[in-house]
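Please give a brisk report on this protein model. Cover the helical spans, the sheets and a couple of single residues, and include one small table.

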Amino acid sequence: MADQLFPDPTQRSIFYLSLTLLLMIGAYIAIGAVLRHFGKHPKYLLPSDSIRKVAWPLVLVLFSLFLRMESLRNLLGMESFGVYFRRASTLLFIAAFAWLIIRALGIVKKLLIARYDIDGDDNLRARIVFTQFNILERIFVFIVVVLAIGAALMSFDSIREVGVSIFASAGVAGIIVGFSAQKLIATILAGIQVAITQPIRLDDVVVVEGEWGRVEEITLTFVVVRIWDKRRLVLPTTYFIEKPFQNWTRSSTDLLGTVFIYTDYTVPFDALREELHRIVAAADQWDGEVANIQVTDSRAEYVEIRATVSAPDSGRAWELRVHVREKLIAFLQENYPESIAHQRILINGDAKGAP
């Protein structure tokens, strides 16, 4: 019918291109309307920037289809370049579609983790979800990129033939590459294992290599630990699979903090217990559960006293420990200075009392 309405080839090409553009614009508007609808629905509530994130990838996908049209080549007078237009369209479609999938993964992750507050006091569940989705997102992005590159390369006939011949004779070469890349493969597998078993999570408080800090970033190949003095300790993911380390918030965020004080044998323990309860009662960091004084060791030179206090999370536990240590020392200095640990020298005289 279009041939009858537009007998001129140029007019016919313009008609087909215009119709295709209208259909693509309609598809774009329809997809945007669907996203806006789900964004307003209380059950879904898509992030407000979802449309902006998928706009360019979606436009490029539609443009790649537009670029493949024969009418476009006829209108431009480039009929003989059809193979190049099709190849450019294929490469653009693969890249744009991979980009669209990656953006969609980001939107889904943001939608799922939006229900959890990682900044709250009891954020164990939130840290579990954040860690899983951050690592799994990186795994999926890596897979999508690799598949997109493979699909783009296989679109070339010459590369496809080379690829088939390589696969046919890749036994020995595969073994050599496997041995040379075993550390990289082991690191990536360790990252996947960390995502599944979760020996560490984002914002976990850990002690590694003698350093106290929080897990700031977890990737497939390395983990970044933010040390208390703002340094960053970067460790391979295999470290947390192969070596022992301390995780203070593995099962819960609340912690018991300990303060050790070394005193003389004359220290009054009951007075020290009363002072500890007075200190923690006035401290905002205390959760009201544990505050106790115990004698954990005794030596010839000193008595070891352990003050145990509890806090809702590791940060406040640290602050409470240093506060309690300072106040207990000040209490002893002011009220019982003779109870501070010191050295004694005993000099024995002879029978007449002479030294």
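Residues 135–156 are 91% helix and 0% strand, and the C-alpha atoms at the two ends are 33 Å apart. A second span, residues 89–108, is 100% helix and 0% strand. Its end C-alpha atoms lie 28 Å apart. Both spans appear in a UniProt record, an unreviewed entry, under "transmembrane region". That entry also lists residues 14–38, 50–69 and 162–181.

**Confidence and overall make-up**

The model is predicted. Mean pLDDT for the protein is 77, and 72% of the residues reach 70 or more. One stretch calls for caution. Over residues 166–170 pLDDT stays under 50, and the model shows zero contacts there beyond four places in sequence.

The protein has 355 residues, and 33% of them count as buried. It contains 12 helices and eight strands. The exposed area is about 21800 Å², with 62% of it supplied by carbon and sulfur atoms. Among contacts with a separation of 6 or more, 64% join residues 24 or more positions apart.

**A residue in helix H3**

Helix H3 covers residues 50–67 and includes Phe63. Is Phe63 buried, partly exposed or exposed? Phe63 counts as partly exposed, because its relative accessibility is 40%, between the 20% and 50% cut-offs. Ser89 is 26 residues from Phe63 in sequence. In space, the C-alpha atoms of Phe63 and Ser89 are 8.2 Å apart.

**The five-stranded sheet**

Five strands make an open sheet with antiparallel pairing. What is the strand order in this sheet? The order is E4-E3-E2-E1-E5. E4 and E5 (246–247) are the edge strands, each pairing on one side only.

Strand E2 spans residues 211–218 and strand E3 spans residues 222–227. They form a hairpin with three residues between them. Gly213 has Ile227 in E3 as its bridge partner.

E3 also forms a hairpin with E4, this one with four residues between the strands. Lys230 in that hairpin takes a positive phi near 75°. Strand E4 runs over residues 232–236. Two bridges place residues across the E3 and E4 pair. Arg226 is partnered with Arg232 in E4, and Val225 is partnered with Leu233 in E4.

The table sets out three antiparallel pairs, including one from the sheet described next.

| Strand pair | Residues named | Bridges |
|---|---|---|
| E2 and E3 | E2 211–218, E3 222–227 | five bridges |
| E3 and E4 | E4 232–236 | five bridges |
| E7 and E8 | E8 303–311 | seven bridges |

**The three-stranded sheet**

The other open sheet described here has three strands, in the order E6-E8-E7, and its pairing is antiparallel. Strand E6 (255–263) and strand E7 (291–298) are the edges, and each pairs on one side only. From one strand to the next, the twist averages 25°.

E7 pairs with strand E8 over seven bridges, in the antiparallel sense. Within this part of the sheet, Ala291 stands opposite Val309 in E8.

Two helices pack on the sheet. Helix H11, residues 269–281, touches E7 and E8. The direction of H11 makes about 140° with that of E7. Helix H12, residues 314–335, touches E6 and E8. The direction of H12 makes about 20° with that of E6.

**A residue in strand E8**

Thr308 sits in strand E8. Is Thr308 buried or exposed? Thr308 is buried, because its relative accessible area is 11%, and buried means under 20%.

Which residues does Thr308 contact, leaving aside neighbours within four places in sequence? Leu256, Gly257 and Thr258 are among them. The others are Val290, Ala291, Asn292 and Gln294. Leu256, Gly257 and Thr258 fall within the range of strand E6, while Ala291, Asn292 and Gln294 fall within that of strand E7. E8 stands between E6 and E7 in the strand order. Ala291 thus appears twice in this picture: it is in contact with Thr308, and it stands opposite Val309.

Definitions and conventions. Residues numbered from 1 in each chain as written. Predicted model: local features only at pLDDT ≥ 70, side-chain atom pairs only at ≥ 80, totals over all residues. Heavy atoms only, no water. Buried < 20%, exposed > 50% of the residue type's maximum accessible area, 1.4 Å probe, protein only. Contact = heavy atoms within 4.5 Å. Areas by Shrake-Rupley, 256 points an atom, 1.4 Å probe, with all protein chains shown as cover. Pairing = 2+ DSSP bridges. Axes fitted to C-alpha atoms, helices over the stretch in contact; angles between N-to-C directions. pLDDT = per-residue confidence, 0-100. UniProt positions renumbered as here; feature names shortened; annotations may be inferred.
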